[in-house]
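Work through the exercises below with the sequence and the model in view. Each task is followed by a solution in steps.

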Amino acid sequence: ETVGVAEMVFFVGTCQAGSLEVALAAPDPDDALGEFDAAAAQRFLLSPGDQFHVPPNNTYRLENRSTEQSCKLFFCQIKPVVTQTGDLDSGSGG
């Protein structure tokens, strides 16, 4: 999944310990669709209570490696606000 200008924050609610794989990568620059670049991805195995952040302009992939327990994730998508002039506002108030 490509996040574009948004950011994603995830919290792992339930899963088998060390079984949720998250892979983060910058999109392939030669790919206009911004597809996931598996060869360049950094991978992490997560457990209940862990959290992770997907920065803007990145791609991610999630996989439950457990054959015994499903995963429950909570997430928040953070998008910049576009002002009436078409500028992006990060919401910093400055």
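**Exercise 1. Find the salt bridge between glutamate 63 and arginine 65, and then the network around this pair.**

Step 1. Glutamate 63 and arginine 65 form a salt bridge, with their closest N and O atoms 3.6 Å apart. A salt bridge here is a side-chain nitrogen of Lys or Arg within 4 Å of a carboxyl oxygen of Asp or Glu.

Step 2. Note the basis of these values. The model is predicted: local features need pLDDT of at least 70, side-chain atom pairs count only at pLDDT 80 or more, and totals for chains, interfaces and linings use all residues. Residues are numbered from 1 along each chain as its sequence is written, and side-chain values use heavy atoms, with hydrogens and water left out.

Step 3. Glutamate 63 also forms a salt bridge with arginine 61, where the closest N and O atoms are 2.8 Å apart.

Step 4. Arginine 65 in turn meets the side chain of glutamate 21 in a salt bridge of 3.0 Å, N to O. This pair links distant parts of the chain: arginine 65 lies in the loop between strand 5 (59–64) and strand 6 (72–78), glutamate 21 in strand 2, 44 residues apart. Strands are DSSP runs of E of at least two residues, numbered from the N terminus.

Step 5. A network of salt bridges links Glu21, Arg43, Arg61, Glu63 and Arg65. By the same rule, the count comes to 5 salt bridges.

**Exercise 2. Sort four of these residues by accessibility.**

Step 1. Take the cut-offs: buried is under 20% relative accessible area, exposed over 50%, and partly exposed in between (1.4 Å probe, protein chains only).

Step 2. Glutamate 21 has 8% relative accessibility and therefore counts as buried.

Step 3. Arginine 65, at 46%, is partly exposed. Glutamate 63 is partly exposed at 30%, and arginine 61 is partly exposed at 26%.

**Exercise 3. Which residues make up the largest nonpolar core?**

Step 1. A nonpolar core is a set of buried Ala, Val, Leu, Ile, Met, Phe, Trp, Tyr and Cys residues joined through side-chain atoms within 4.5 Å.

Step 2. The largest one has 12 residues: Val3, Met8, Phe10, Val12, Cys15, Leu20, Val22, Leu24, Leu46, Phe52, Val54 and Tyr60. At least two residues of this core come from each of strand 1 (7–14), strand 2 (20–25) and strand 4 (51–54).

Step 3. Place the core in the whole chain, which has 0 helices and 8 strands. Of its 94 residues, 23% are buried.

Methods
Helices (H or I, at least four residues) and strands (E, at least two) are DSSP runs, numbered from the N terminus.
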